[in-house]
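Colleague: I've just opened this one and I'm new to it. Can you walk me through it?
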Amino acid sequence: MSVDGDPRPAGAIERCDVAVVGGGPAGLSAALHLARLGAYVILLDEAEELGGQYFKRRQGSVLAKHGDFRPEGTSLISAVRASGVRCWTECSVWGVGEDERTLLVAGPEDEPRSVSARAVLVATGGYERSIPFSGWQLPGVVTPGYALHLATCDRIPVGQRAVVAGTGPFLLPVSCALLDVGVEVAAVVEVNRPYRPSLRVAAALAHPARLAEFASYRAVLARRKVPLLQGWQVVEANGSGALERVRIESVGGREAGREYDVDALAVAYGFRPATELVRLLGARCEVRQGDLFPRTDGRGRTTAEGVYVAGESAGIAGVHVARLRGEVTAASIAADLGLPGAAEPARATLRRLRRGEAFSAVTADLYPVPDSLISGLCDGTVICRCEGVTAGQIRAADAVGWNDRNSVKGATRAGMGPCQGRECAPAVAALCGASGSTEPFPARMPIKPVPIRVAMGESAEEVS
Ligand SMILES: Cc1cc2nc3c(=O)[nH]c(=O)nc-3n(C[C@H](O)[C@H](O)[C@H](O)COP(=O)(O)OP(=O)(O)OC[C@H]3O[C@@H](n4cnc5c(N)ncnc54)[C@H](O)[C@@H]3O)c2cc1C
């Protein structure tokens, strides 16, 4: 059972000062800060364990054999539990009540629960930015985050021989982690050219500690003779029943394409914020390069009163910034709720936050996502893997002259499967050139899959 000290029956509305959704670095930091100021905090996470992506926990025999993974996460989680925060794990927030504030929750046994809070902090993290290509639906094609999770938390190699591809500094530690569990990394395929001298690269010199970290990963790759190709992209994955071969081409087609015989391909183009819940709660977002970002005052306040956002769901900037944003947003909430002891964040915290955000702007600049990745897709490429909708079907629906992307969604069913467009919505929007705006679909309940009986607000006993 994973709902801390819960005295109420499933279905009752639980009231608190602050509901924090997401128990990753941002949500944990914020919850701890607020509990120490005397707030009654409920922290909800859909995962079995707190920690989020960065502080994922090792379990059972892997923990016994290899020890704790990122012990600072264990300390942070222990501090949160000891501070009196009520931690509800295996609790997925799937919607919002008619008052646009009450959180609708599917509990551990899929029983319905509701949480009503004076302030809601959304710290739901981000998603890896998957961009469709021919064959991306084959078993063996995964995201780098998934391959990393297998390698670090479970100590399982994602395959025997892999290509790691896409864009972003994240590809480097992922490749090193795969090597560490015995995967042969055939190549790291980076679509940009961030590791060549340029004015953009010069901006990174202001962040020597981060550069040193990347240099250490590159040294491992060089020592293990893993080619790091820049200005190349994955165009096709092939195999009968599972991945057997990956084809890459140089951007601009200046060199002949290459093929690798592999059983794993880890590919993604950075991360994007998870904004469904902030949007359901009525907060405004803006589109930047095809992704949605919540509008904030820089201290976690959104445009909706009583709704706050922290961590990667506020914008992609890595674990250090996620924790700092958690702290700073907690200070905003404490001030707005008038908690005794509420105070401005320390100057040093704000300075570190500004510096971290400046570095994330540098990386966003160094690792952009070229528009051609989507505009260049051939008509046969599957875009919505849940519903099997191709680029050609989306383009044809778009060309009919529907007045927006939602009509294209209705006509093709793209984005209507179990993932509710979390994977494909940005690609569908980008393919909808004729219907104007590139804003992804509006957020709709349920934002996470839930059994019908939960969505109907009934308990399991009532249904059976
Ligand atoms: C797949 C993946 C792997 C990553 N691996 C790494 C890594 O190894 N190293 C690294 O430096 N960075 C990694 N990152 C980036 C990393 O997410 C951040 O730097 C850091 O973890 C962000 O902290 P956060 O608190 O904002 O979000 P997260 O750590 O992502 O935490 C968000 C939490 O919200 C919960 N949640 C989301 N939606 C709901 C909902 N509706 N109801 C209830 N709970 C919900 C999730 O279960 C999760 O625990 C990864 C990102 C992803 C997407």
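Modeller: Sure. One term before we start: when I say two residues pack against each other or are in contact, I mean they have heavy atoms within 4.5 Å. Also, keep in mind that this is a predicted model.

Colleague: Okay. How many helices and strands are there in the protein?
Modeller: The protein has 16 helices and 21 strands. Its radius of gyration is 22 Å, close to the 23 Å from the globule rule for 464 residues, so the protein is as compact as a globular protein of that length.

Colleague: And what does the C-alpha trace span?
Modeller: About 65 × 50 × 45 Å along the principal axes.

Colleague: Let's zoom in on a helix. Is α5 largely enclosed or open?
Modeller: Helix α5 covers residues 171-180, and 9 of its 10 residues are buried, so the rest of the structure largely encloses it. Among those buried residues are L171, P173, C176 and L179.

Colleague: What do the buried residues of α5 pack against?
Modeller: Their partners include the helices α4 (144-152) and α7 (208-223). On the strand side there are β9 (161-167), β10 (184-190), β11 (228-230) and β15 (264-269).

Colleague: What comes just after α5?
Modeller: G182, which takes a positive phi of about 95°.

Colleague: Switching topic: how many positive and negative side chains does the protein have?
Modeller: There are 51 positive and 51 negative ones, and the centres of the two sets lie 7 Å apart.

Colleague: Last one, what about the exposed area?
Modeller: The protein exposes about 20,400 Å², with carbon and sulfur atoms supplying 51% of that.

Notes: Residues numbered from 1 in each chain as written. Predicted model: local features only at pLDDT ≥ 70, side-chain atom pairs only at ≥ 80, totals over all residues. Heavy atoms only, no water. Helix = DSSP H or I, 4+ residues; strand = E, 2+ residues; numbered from the N terminus. Rg over C-alpha atoms; globule rule 2.2 N^0.38 Å. Areas by Shrake-Rupley, 256 points an atom, 1.4 Å probe, with all protein chains shown as cover. Lys, Arg positive; Asp, Glu negative; His and termini not counted. Charge placed at Lys NZ, Arg CZ, Asp CG, Glu CD. Buried < 20%, exposed > 50% of the residue type's maximum accessible area, 1.4 Å probe, protein only.
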